[in-house]
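Today's notebook is about strands, helices and empty space. Pull up the model and follow along with me.

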Amino acid sequence: MRKRKKISVIILIVIAAVLLLLLITYINHQICLKKETELRLPLGQMVEVDGHNMSIYVEGTGDTTLIFMSGGGTCSPILDFKSLYSLLSDNYQIAVVEKFGYGFSDVVDKDRDIDSILEDTRTALAAAGLNAPYVLCPHSMSGLEALYWAQKYPDEVSAIIGLDMAIPKYYDNMSINIPLMRIASWAANIGVTRFVPRLSDSDAVKYGTLSEKEKEIYKAVFYTRTATTTMINETEWVKKNAETVSSLGIPQLPMLLFISDGSGGTGFDKETWRKIPTEYISQVDEGEYIELNCPHYVHDYEYKAISESIIAFLSEL
């Protein structure tokens, strides 16, 4: 009897210690958030979309407008793409749309079917005063949105430049762990992520051309935009969205795909990762592809080579 009582006391002490630790973690997180307030001021402009604020960044001038569209879970798209678009904005107008739940945009709890995502993007661009046609530059998951855009509104898309973009077939057998994402979201919301060494050091921070100030901003955004509710909703819809895009066939327009070696979190081996998009682009009359020996976030590694290839590709259109 005494032994059981002793064990119960120990368990209660452990539970109390864990709860105290979590409370301290949360308080620390709130203090840090307050200190980082100025770092989280929008870098671009905020426009109203469906009653919420969406962030869009515009730079450069030119007759051609390039729209950069981030992959799933990229906490700060504006800064993630900066190493690449800064090499292009002397020749073109560029725009980065931060979807709900990303960057400086509001976190909203709503369905993320492919139509909703696309209409949000189109509304944001119109509110920012940008007019189609556009050259779409999607990374990863946003490839689905770009392909759907070309399928649904072909007059609005003059070309697609895929930055290791998603092809519907990738999602046929992909395993998606939503419960793990919810755990990550919980950990981020209470500040546990602040105690994981170098977790906020993204590829953009480590390998791109961001200034020290921009790296600070990126990390500040990371602590509020990791596995957001909107991102999780988007992931829950992604297989259905891929099926929708696949059912509409392959759009025929100028298309250039940059393809990574599959490392950096894709979950695919190199051969499979490259085989799927090369088979896809072979069915596009004006399709080209370039294989790069770097991880999935190609624009944070090979930004110079990619910018040169984009300029050459667009000059031939």
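Before placing any residue in a strand, I noted the convention: strands are DSSP runs of E with at least two residues, helices are runs of H or I with at least four, and both are numbered from the N terminus. I also kept in mind that this is a predicted model.

**Entry 1: backbone oddities**

I began with the peptide bonds and found a cis one between alanine 132 and proline 133, with omega at about 5 degrees. Proline 133 sits in the loop that runs between α4 (114-127) and β5 (134-140).

Next I looked for positive phi values outside glycine. Serine 140 has one, near 50 degrees, and this residue belongs to strand β5. Is serine 140 buried or exposed? I get a relative accessible area of 15% for serine 140, and since buried means under 20%, it goes down as buried.

Aspartate 164 turned up too, with a phi of about 55 degrees although it is not a glycine. I placed aspartate 164 in strand β6 (residues 157-165). Its relative accessibility is 2%, so I entered aspartate 164 as buried.

**Entry 2: histidine 139**

I stayed in strand β5 for histidine 139. The relative accessibility of histidine 139 is 0%, so it counts as buried.

Which residues does histidine 139 contact, once neighbours within four places in sequence are left aside? I wrote down Met69, Ser70, Gly71, Phe81, Leu163, Asp164, Met165, His296, Tyr297 and His299. I was pleased to meet Asp164 again in that list, having just noted its positive phi.

**Entry 3: threonine 224**

I moved on to the loop between α8 (212-222) and α9 (229-247), where threonine 224 is found. Threonine 224 has 24% relative accessibility, so I recorded it as partly exposed. Beyond residues up to four places away in sequence, threonine 224 touches Leu33 and Arg40.

I also checked a separation. Threonine 224 and valine 238 are 14 residues apart in sequence, and their C-alpha atoms are 23 Å apart in space.

**Entry 4: α6 against α9**

How do α6 and α9 pack? I have their axes 10 Å apart, at an angle of about 175 degrees. Angles over 145 degrees count as roughly antiparallel, so that is how I describe this pair.

From α6, the contact uses Ile178, Met181, Arg182 and Ser185, and from α9 it uses Met231, Ile232, Thr235 and Glu236. I sorted the residues of this contact into four nonpolar, two polar and two charged.

**Entry 5: the pockets**

Then I turned to open space. The largest pocket holds about 1,300 Å³. It is lined by 46 residues, and those closest to its centre are Gly72, Gly73, Thr74, Gly265 and Tyr297. Tyr297 was already in my notes as a contact of histidine 139.

I listed the elements that give two or more residues to this lining: β5, β6, α6 (178-190), α7 (203-207), α8 and α9. Which element gives the most to the lining of the largest pocket? I found that α9 does, with four residues. By class, the lining of the largest pocket has 22 nonpolar, 18 polar and six charged residues.

For the second largest pocket I noted a volume of about 290 Å³. Its lining has 18 residues, with Ile167, Pro168, Lys169, Asp172 and Ser246 closest to the centre. At least two lining residues each come from α5 (142-152), α9 and α10 (270-281). Here α9 again makes the largest contribution, with five residues. I counted nine nonpolar, four polar and five charged residues in the lining of the second largest pocket.

**Entry 6: the closed spaces**

Last, I looked for cavities. How many of 30 Å³ or more does a search of the whole structure find? The search finds three.

The largest cavity has a volume of about 80 Å³. I listed its lining as Lys99, Ile114, Ile117, Met141, Ser142, Leu144, Glu145, Glu234, Val238 and Asn241. Two or more of these residues come from each of α4, α5 and α9. By class, I have five nonpolar, two polar and three charged residues lining the largest cavity.

Val238 in that lining is the valine I had paired with threonine 224 for the 23 Å separation.

Notes
Residues numbered from 1 in each chain as written. Predicted model: local features only at pLDDT ≥ 70, side-chain atom pairs only at ≥ 80, totals over all residues. Heavy atoms only, no water. Buried < 20%, exposed > 50% of the residue type's maximum accessible area, 1.4 Å probe, protein only. Contact = heavy atoms within 4.5 Å. 1 Å grid on protein atoms, 1.4 Å probe; cavity = no way out; pocket = protein on both sides within 12 Å on 5 of 7 lines; lining within 4 Å. Points joined across faces, edges and corners; volume = space filled by probe spheres on them. Nonpolar A, V, L, I, M, F, W, Y, C, P; charged D, E, K, R; others polar. Axes fitted to C-alpha atoms, helices over the stretch in contact; angles between N-to-C directions. Parallel < 35°, antiparallel > 145°, perpendicular 65-115°, else oblique.
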